[in-house]
Amino acid sequence: VFTLHATGKGLESQGYFTQMSKDLPIDVPPEAPKEDGRPKWDNKFQYILSCIGFAVGLGNVWRFPYLCQIHGGGAFLIPYFIALIFEGIPLLHLELALGQCLRKGSISAWRAISPYLGGVGVGSWMVSVLVSLYYNTVLTWVMWYFVNSFQDPLPWSVCPLNENRTGLNEECYESTAVNYFWYRKTLNITPDIAESGTLQWWLVLCLAACWAIVYLCTIRGIETTGKAIYVTAIFPYLVLTIFLIHGLTLPGATEGLAYLFTPDLNVLKNPRVWLDAATQIFFSLSLAFGGLIAFSSYNPPKNDCEKDAVTVAIVNSLTSLYASIPVFSVLGFKATTGYWDCLDRNIISIINEFDLPEQSIMRQNYTDWITFLNSSYPEKIAGLRLKSCDLQEFLDQSVSGSGLAFIVFTQAIILMPGSQAWAILFFIMLFSLGLSSMFGNIEGVFTPLLELQIISKSIPKELLSGIICLVSFLIALCFTLSSGSYWIDIFDRYAGSLPLLVIAFFEVIGVVYVYKIKRFSEDVKWMTGRKLNLYWQITWRFISPLLLVIVFVAFVTLQIQKPPTYTAWNPKHEDFPVKEEKAYPPWVQAICVLLAVLPCIFVPLVALFQLVKRMWRSKDPSFLPPEVFSCQEVNRNFSHPKK
Amino acid sequence: MLQVLLLTFSVVTVARAELCKPDAQNAFKVRLSIKTALGDNAYAWDANEEYLFKAMVAFTMRRYSSKTTTQISNVLLCNVTDRVSFWFVVTDSSKNTTVPGSEVEAAIRMNRNRINNAFLLSDKTLQFLKISSTLAPPVEPSTPVWLIVFGVVLCLIVAAIVFLVVAGIQQRKKKNKESTERENLEEKGEVTITIENGIPCETLDLKAGHINGVFSADDERFTSL
């Protein structure tokens, strides 16, 4: 150990030690860790659970089973898994590796990759904002149904009386009690999107509660969501298991499952099936939102992102499959009960008409009796106007989306004994599923904002998340108008679909051809400790971008082929309760186009802006070209603690 | 004499048969679904049950317009089928005409509950065709249940948010106090971060240090005392 005394450095030495003064430079030896103050996950499990929770959402429950059903049952799994292998997993790995390497949110990360690609980050931030707005309103509906599930009997099981108490409410009587509760008591829907109606106060209250819950869970970023995710990501699996066990014991469950999984290989000839599989995988994994980049940016850099990506993608797909079993058991039960009701109604009519003793005609010998009576008294039978009861027809009534949860499933729940408990469980499960996806959406908005210099220094995290939630709540109030659900459909169809494809395409192209895949392979090798194998090279370079282009073109062609229409609930329509098909007015179509184009437009805009700036600046003699950026240099000084 | 009696009897029966027949004036069809309502505890429909029915209808007519004295024999049943369904009329005391249908209807509506209970049936399983039952108004509590549940949920959420925000503010205040204390102490020069040649001592405590042979040999230059 040197002493200043021994080397005779001069009169500053007062002994063996000196006190620190502010002007002595401090040389930190390279082995000491440089902490960058970025929050981090408590443990790896939290991170994986957050990614899974983000990917597993409402679509796994109410979109995948529907697609399976209409596209030939088990045969749909073939295009689905092909899309998973060639599109889902590569894109997921790309995003996770990117975030982990650059340790920044989406906007800063893409700016770091290349200033020209900054627009990709802004685009994905924009999409996260738009999706957060309408996604939480769907959770509002779930919450409304949840608080109404504590009543006995369930409010959607009986029709209310009309004004003079002589009969049931007409709108309810003509459709069903479940439809009435959804369209009238919940949404109070107008017959046309142009008629906005008023704010529904009960929905405003539930919306406020939902945003309060989101604020509560995201108040300090991943510190709080990391704790909340343990509940919101694991609870749905518990409930799905309970529903699975109960659903399999219901009568008619096996018919529903057989209907769902019976493969019809002919559907593979239909290109629409392949397109649906590709889009389902893409949207189900929540790619291109920026949320995954944000999540993985809180990881230590030397983390095996390849294994994580494969894990998350496979768990997501398995969850879809797992969820479709109870859903279809319950739907099979509902179809069977409907079929039995139809038969019973016919039997009662026949017994009453012919004054036969009770229980002489049972469901089993119904067909024999019908043939016998038809041959002996055909006019009487014709006069009864019996409905033909066909189980296939009941099973064919397929619904996806909110209709599945709020109309079909609620009807099935009424038929189960102990319906309040089942309803409460079901809606809490939907709420957890949606909430864990909301965490990812909000992180995609929150993390990039936190990295903007102006914001991070002046306001604390709690205030920033509070402002985000408050502003989103105020904007989302327009979804609680009477025409709100039509607007949510528009946002879902246009803002939450097309821009994502564009952004993902530019993500892949940006990393592979602008940042150069060779450099990225080195970075990934540094992070995971393994060389990138051939599968990743081929999919990243050629297959995934190609698939994205094909899907995008097919998607746009299908949208353009016919003018966009929507189905409206109009009690005065002649075919009521069938919904009326209407075309969007031109101003609404303009908004649709705006929603689809707005996030995408940032990509060329920012590139152009940077180009102009660069050209202007290059005339300046003191201008230095930007440094070549490498992922490893960012993390050179970062050593993770030895476990 | 016997012949006269027989004649009057047959006339009366024919007259009564005329009064009660399907779709007769002031006649009502009744339909019972006993097996559906009671399942295994279903009773068989026999003459005794018919007698009870007649008694109930007579009771109903008596309660409705207390001036008339309707007898059980005033109630006529006919066309009983296996379904169990039949037609009935209520004749007046002279047994020649039937009581108007509106009166019978009103009477039965008033006492529907008593009739149902006598047979252990309900409005759906003991049907009087053409007589509609009054619908019971739904029971609505003064405060809707959902509002109560919602209030509970919202209170919990607000309490949790307030707790987290306050905890965050307190933590931040503590951190600020600590760092200002540290700065103050440094300015007063009381905190020493010991430095050797520009290198903080803590880092030198790393086990990664090397012992420099030149200086460890120093001890040998000096002779021990």
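# A predicted model in questions

Student: Which residues of helix H12 (residues 253-261) of chain A are buried?
Tutor: In this predicted model, a helix is a DSSP run of H or I with at least four residues, a strand is a run of E with at least two, and both are numbered from the N terminus. Buried means under 20% relative accessible area, exposed means over 50%, and partly exposed lies in between, with a 1.4 Å probe and protein chains only. By that rule, the buried residues of H12 in chain A are A:Ala253, A:Gly256, A:Leu257 and A:Leu260.

Student: What arc around the axis of H12(A) do they cover?
Tutor: The arc is taken from the directions that run from the helix axis to the C-beta atoms. These buried residues sit on the same side of H12(A), because the arc they cover is only 95°.

Student: What covers the buried residues of H12(A)?
Tutor: Contact means heavy atoms within 4.5 Å. The cover comes from several elements of chain A, and these include helix H4 (64-70), H11, helix H15 (305-354) and helix H18 (391-396).

Student: Which pLDDT do local features need in this predicted model?
Tutor: Residues are numbered from 1 along each chain as its sequence is written, chains are lettered from A and ligands numbered from 1 in the order in which they are written, and side-chain values use heavy atoms, with hydrogens and water left out. Side-chain atom pairs count only at pLDDT 80 or more, and totals for chains, interfaces and linings use all residues, whereas local features need a pLDDT of at least 70.

Student: How many of the residues in chain A are buried, as a percentage?
Tutor: The secondary structure of chain A comes to 28 helices and two strands, and its C-alpha trace spans about 125 × 50 × 50 Å along the principal axes. Among its contacts with a separation of 6 or more, 82% are between residues 24 or more positions apart. Of the 643 residues in chain A, the buried share is 54%.

Student: Within what C-alpha distance do the residues of the UniProt "binding site" annotation gather?
Tutor: The UniProt record, an unreviewed entry, gives this annotation to A:Gly53, A:Ala55, A:Val56, A:Asn60, A:Ser284, A:Asn316, A:Leu433 and A:Ser437. They span 385 residues in sequence, yet they gather at one spot, because no two of their C-alpha atoms are farther apart than 12.5 Å. UniProt positions follow the numbering used here, feature names are shortened, and annotations may be inferred rather than shown by experiment. The limit on the C-alpha distances is therefore 12.5 Å.

Student: Which residues does A:Gly53 touch, not counting residues up to four places away in sequence?
Tutor: A:Gly53 is found in helix H2 (residues 44-55) of chain A, and at a relative accessible area of 3% this glycine is buried. Beyond its sequence neighbours, A:Gly53 touches A:Ala233, A:Leu433, A:Ser436 and A:Ser437.

Student: Which residues is A:Ala55 in contact with, leaving aside its neighbours within four places in sequence?
Tutor: A:Ala55 also has its place in helix H2 of chain A, where this alanine is buried, with a relative accessible area of 4%. Its contacts outside those neighbours are with A:Asn60, A:Ser284, A:Leu285, A:Ser286, A:Val312 and A:Asn316.

Student: Which residue forms a salt bridge with A:Arg184?
Tutor: A salt bridge is a side-chain nitrogen of Lys or Arg within 4 Å of a carboxyl oxygen of Asp or Glu. In this pair the closest N and O atoms are 3.2 Å apart, and it links A:Arg184 in helix H9 (residues 177-186) of chain A to a partner in helix H8 (residues 170-174), 13 residues away. A:Arg184 is buried at 18% relative accessibility, and the buried partner, at 14%, is A:Glu171.

Student: Which residues are linked with A:Glu223 in a network of salt bridges?
Tutor: A:Glu223, partly exposed at 38% relative accessibility, pairs with A:Lys461 at 3.3 Å and with A:Arg220 at 3.9 Å between the closest N and O atoms. The residues linked with A:Glu223 in the network are A:Arg220, A:Lys461, A:Glu462 and B:Arg172.

Student: How far apart are the end C-alpha atoms of residues 145-169 of chain B?
Tutor: The unreviewed UniProt entry places a "transmembrane region" at these residues. The span is 100% helix and 0% strand, and its end C-alpha atoms are separated by 37 Å.

Student: What is the mean pLDDT of chain B?
Tutor: pLDDT is the predictor's confidence in each residue, from 0 to 100. In chain B, 73% of residues reach 70 or more, and the mean is 79.
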